Amino acid sequence: MQRHSGKDIDFVTVTAETPGSTKPDPILIADHITRTFGGLTAVNVAHLEIQRGSITALIGPNGAGKTTFFNLLTGYDSPNSGTWSFNGQALNGVPPHKVARLGMVRTFQLTKALYRLTVLENMALGARGQKGESVFASLFPWLWRAQEEEIQKKAISILTKFKLIDKKDDFAAALSGGQRKLLEMARALMVEPEMVMLDEPMAGVNPALKQSLLEHIKELRNEGKTVLFVEHDMDMVHEISDWVVVMSQGEVIAEGTPASVMKNEHVIEAYLG
């Protein structure tokens, strides 16, 4: 049994292991989300709640609709129908950059590092509310210089934690695939998010860096953040997940602890056909 970090309640013991089950303190709630492409229904999620402060894995066979669902929740795509909210605030029609400002950030399966900028410059881009971004304020360095120095300090602190500090002056293009994954996760923390959504964080990562990524994801939960991630690596799912949601053909077909989900006959049928 895994305990919801930072809470007095063990949400696993009070949550039914059924699709669309209610949670004691959900941070994200989605209702009747559908997305079709021509005659294909890619997403058809009746109801889903993500528990605050937990690590939730979103799994399913290829083509299950996991990444499309991520794109809908974060504003990178628009559903045909449905509503969803984060911290009680409706997100319908909210663009990705505003979703991030609200405290829900995501990473991508294919990393989005800006290759012609250094690692430190990539980190600085993630900070919110930068005064120097204003055309007028940019003409007067004394208005934003102190803030820029604070952003630099914060970026260096996070890079040190992620063991990327030796790469801070390197161009992002020079990083390995695993290091780019670390950079993207580190940059997401510059936003000071409440919820981090990771799309296949282990894809293309060599074994030497996998354990480092796992530890950083666990640390996010220990800091009180919520994590929702898409993953095919079942060993990773078992190791770090508090809760698992399973999608197949666009629908949520099962929810539960990692151990119970892997024994679910609907899940076995979805994976093995």
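Modeller: A quick definition before we start: a residue is buried when its relative accessible area is under 20%, exposed when over 50%, and partly exposed in between, with a 1.4 Å probe and protein chains only. This is a predicted model, so local features need pLDDT of at least 70 and side-chain atom pairs pLDDT 80 or more, while totals for chains, interfaces and linings use all residues. Residues are numbered from 1 along each chain as its sequence is written, and side-chain values use heavy atoms, without hydrogens and water.

Colleague: Thanks! Is Asp242 buried or exposed?

Modeller: Asp242 sits in the loop between helix H8 (234–240) and strand E9 (243–248). Helices here are DSSP runs of H or I with at least four residues, and strands are E runs of at least two, numbered from the N terminus. With a relative accessible area of 1%, Asp242 is buried.

Colleague: Which side chain does the side chain of Asp242 make a polar contact with?

Modeller: A polar contact is a pair of N or O atoms within 3.5 Å; within protein, one must be able to donate a hydrogen and the other to accept it, and residues adjacent in sequence count only if both atoms are side-chain atoms. The partner is among the buried residues of H7. At 2.9 Å, the side chain is that of Arg221.

Colleague: How far apart are the end C-alpha atoms of helix H7?

Modeller: The expected span is 1.5 Å times one less than the number of residues. For the 16 residues of H7 (residues 207–222) that gives 22 Å, which agrees with the model's end C-alpha distance of 23 Å.

Colleague: And which residue with positive phi follows H7?

Modeller: Its phi is near 90°. The residue is Gly224.
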